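Colleague: Could you take one spot in this model and give it a close look? Start from a single residue and work outwards to what surrounds it.

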Amino acid sequence: MPSKSTASELSRLEKAMAEATSYKQWQELAKEHDYASGAEEWKRREKSNSYDHANIRSRLSSLRDLRARQDYSGLLFALNEGIHGNQGGMGKTKLYEKARFGTKHLIEEYVDELVSALHLINDLPEDVVSKSDKSDFFHRASLCFGRSALMLSGAGSLGHFHGGVVKTLLEHDLLPDVISGSSAGSIFAAILGTHTDKELKLLFRKRNIMSNALISPEDELVQIDSAHVRMMLESTIPDMTFQEAYEKTGRKISVTIAPAEEHQTSRLMNAVTSPNVFIRSAVQASCAVPGVFAPVMLMAKNVYGETQPYLPNRRWVDGAVTDDLPAKRLARLYAVNHYIVSQANPLVLAMNTIENNPLLPEPWKNIMRYSTHEWLKTSEQLSRRYLRAVPEVGRAMSMFYSVVAQDYKGDINIAPSFSYFDPRKLLAQLSQDEIDMLMLEGERATWARLEQIRISSKIGKTLDDILDDHALHDVRTTYKKRTAAAK
């Protein structure tokens with residue numbers, strides 16, 4: 001147990017971190033907290049039951065030795081043996097919960113050494129390692145290691161929290177290329193997919209990147225309707241298809257939409273599954289909250305470049321209803337195996353309040369999780385059987401079960417510190433002060449996860465960057481040629 005003076009100091013530092021207004025300020029406070037709590041000593045100590053420290057130390061020593069002896073064949077062989085995201089358990093979440101900043105120094109040293117070795121192999125002349133051997137190695141290494149994705153949840157007006165998250169990741173060059181969004185999260189996914197890094201940095205200098213469409217009066221509560229949504233999307237998202245956006249930015253963005261009809265399944269719209277669909281129409285569908293906004297018909301370009309309906313007999317609604325965080329689909333499409341979640345779904349925040357209640361014993365929580373799952377499964381089967389004669393009620397019940405039964409967590413979860421937000425404002429225009437508060441909350445929540453994101457994604461990002469160098473063509477070149485020809 002820490003002494004009273006130590007506990008008081010830790011409490012002071014935690015309060016200051018919660019009120020920090022810049023990452024530099026937060027970082028200094030977090031490091032000070034680690035020294036005061038003893039976490040800095042924990043980081044220096046290699047041994048732990050949480051990971052295979054002996055394996056990591058052995059591999060680190062081997063890589064350093066091979067580099068020092070310039071044994072490049074041996075180095076390539078050693079790299080082939082072990083480029084894994086969770087080598088020796090070093091990716092476990094608990095290794096990033098002990099300290100406020102970073103983790104075991106041994107893990108950080110190993111990741112840095114592996115990245116240096118990858119760059120070294122890539123930079124070797126072809127008479128040492130041929131271009132084809134390099135390309136083969138890096139492709140296999142990337143498939144083995146996988147990549148990270150950012151998933152932006154549904155959030156209603158709390159979606160401005162996502163703005164703070166993506167702004168911070170962009171500033172620190174930690175924004176994944178694979179990004180999904182549902183409902184409010186789809187707006188920010190679309191913004192990221194249709195703007196270059198340079199354009200985004202200019203955009204985020206504004207206090208509200210959607211300010212042209214969402215300027216609300218300070219003295220009254222104005223609910224957002226479909227006209228507001230359409231205006232906001234038109235002022236925020238360029239008139240581009242998923243394929244055109246990918247060619248411009250190279251970012252693999254996906255938008256989740258849910259079917260308005262029964263017997264249909266949700267869709268993940270992106271440059272692979274629906275390249276000619278207009279992003280704006282997919283986002284409008286993903287934001288169509290059932291019972292509040294009318295279902296949306298998607299629009300796409302035909303073979304002649306003309307705008308036409310896409311699946312004209314189908315209508316689509318809020319993607320958060322069926323697949324708020326489409327982890328399995330991203331894994332299948334983009335070889336993703338590491339998920340960063342920006343979670344501002346009001347329902348999830350409310351559930352987390354119960355989940356994180358320190359007064360509720362863990363066995364009771366496990367019983368509640370299991371019984372809730374079984375109750376949902378049984379109730380859904382019964383409602384499907386007995387509500388066939390009342391299709392509207394049956395659809396509503398199916399949506400309810402789908403919402404409650406989803407998995408709302410990833411490997412790294414970024415969520416606001418508050419669990420309550422005025423329900424009347426979840427679909428309302430917010431004041432500038434409220435938007436600023438949510439943006440700052442998103443930044444602060446991301447600062448606390450930045451080191452974990454950096455360490456966990458550094459190898460994968462290095463492999464992706466190297467593979468871009470080895471690619472025979474760059475999708476962005478196609479976009480540049482097309483836009484030049486159009487002028």
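Modeller: I would start with A20, which sits in the loop between α1 and α2. Keep in mind that this is a predicted model. A20 has 0% relative accessibility, and since anything under 20% counts as buried, this residue is buried. What does A20 touch once residues up to four places away in sequence are set aside? The partners are Q25, W26, L440, R444 and W447. Q25 and W26 fall within α2, residues 23-37. L440, R444 and W447 fall within helix α19, residues 432-447. The link to α19 spans a long stretch of chain: A20 and L440 are 420 residues apart in sequence, yet their C-alpha atoms are separated by 9.5 Å.

Take the two helices beside the loop next. Helix α1 runs over residues 4-18 and helix α2 over residues 23-37. Their axes are 9 Å apart and meet at an angle of about 165°. That is over 145 degrees, so α1 and α2 are roughly antiparallel to each other. The crossing of α1 past α2 is left-handed. On the α1 side the contact is made by T6, E9, L10, R12, L13, E14, A16 and M17. On the α2 side it is made by W26, L29, A30, E32, H33, A36 and S37. W26 is thus on the list for α2 and is a partner of A20 as well.

Now follow the other partners of A20 into α19. This helix packs against α8, residues 160-171, with axes 7 Å apart and an angle of about 45°. An angle of that size is neither under 35 nor in the 65 to 115 range, so α8 and α19 are oblique to each other. Their crossing is right-handed. From α8 come H160, F161, G163, G164, V165, K167, T168 and L169. They meet I435, L438, M439, E441, G442, E443, A445, T446 and W447 of α19. W447 therefore has a place in two parts of this picture: a partner of A20, and a residue where α19 meets α8.

What about α8 itself? Eleven of its twelve residues are buried, so α8 is largely enclosed by the rest of the structure. The buried ones are H160, F161, H162, G163, G164, V165, V166, K167, T168, L169 and L170. Its length is as expected: at 1.5 Å a residue, twelve residues should span 16 Å, and the end C-alpha atoms are 17 Å apart, which agrees. Just beyond α8, D173 takes a positive phi of about 55°.

I414 ties α8 and α19 to a strand. This residue lies in β9, residues 412-414. I414 is buried, with a relative accessible area of 0%. Beyond its neighbours within four places in sequence, I414 is in contact with F161, V165, I340, V341, S342, Q343, A445, T446, R449 and I453. F161 and V165 are on the α8 side of the helix pair, and A445 and T446 are on the α19 side. A further tie to α19 can be read from spacing: I414 and E443 are 29 residues apart in sequence and 9.7 Å apart in space, C-alpha to C-alpha.

Step back to the cores for context. The largest nonpolar core has 71 residues, and F242 and V283 have the most contacts inside it. Helix α9, residues 184-194, supplies the largest share of this core, at seven residues. Apart from that core lies another of 34 residues, among them Y51, I83, L118 and A141. Eleven of the eleven residues of α9 are buried, so that helix is largely enclosed by the rest of the structure. Around F242, leaving out neighbours within four places in sequence, the contacts are I253, V255, M269, N270, A271, S274, P275, V277, F278, I279 and A282.

Two loop residues make a contrast with A20. L311 sits in the loop between β6 and β7. L311 is not a glycine, but has a positive phi of about 50°. Its relative accessible area is 32%, so L311 is partly exposed. A335 is in the loop between α15 and β8. A335 has a positive phi of about 55°, although it is not a glycine. With a relative accessible area of 25%, A335 is partly exposed. A20, in its own loop, is buried at 0%.

Key:
Residues are numbered from 1 along each chain as its sequence is written. This is a predicted model: local features need pLDDT of at least 70, side-chain atom pairs count only at pLDDT 80 or more; totals for chains, interfaces and linings use all residues. Side-chain values use heavy atoms; hydrogens and water are left out. A nonpolar core is a set of buried Ala, Val, Leu, Ile, Met, Phe, Trp, Tyr and Cys residues joined through side-chain atoms within 4.5 Å. Buried means under 20% relative accessible area, exposed over 50%, partly exposed in between (1.4 Å probe, protein chains only). Helices (H or I, at least four residues) and strands (E, at least two) are DSSP runs, numbered from the N terminus. Contact means heavy atoms within 4.5 Å. The expected span of a helix is 1.5 Å times one less than its number of residues. Axes are lines fitted to C-alpha atoms, for helices over the stretch in contact, and angles run from 0 to 180 degrees between N-to-C directions. A crossing is left-handed if the near helix is turned anticlockwise from the far one by less than a right angle, and right-handed if clockwise.
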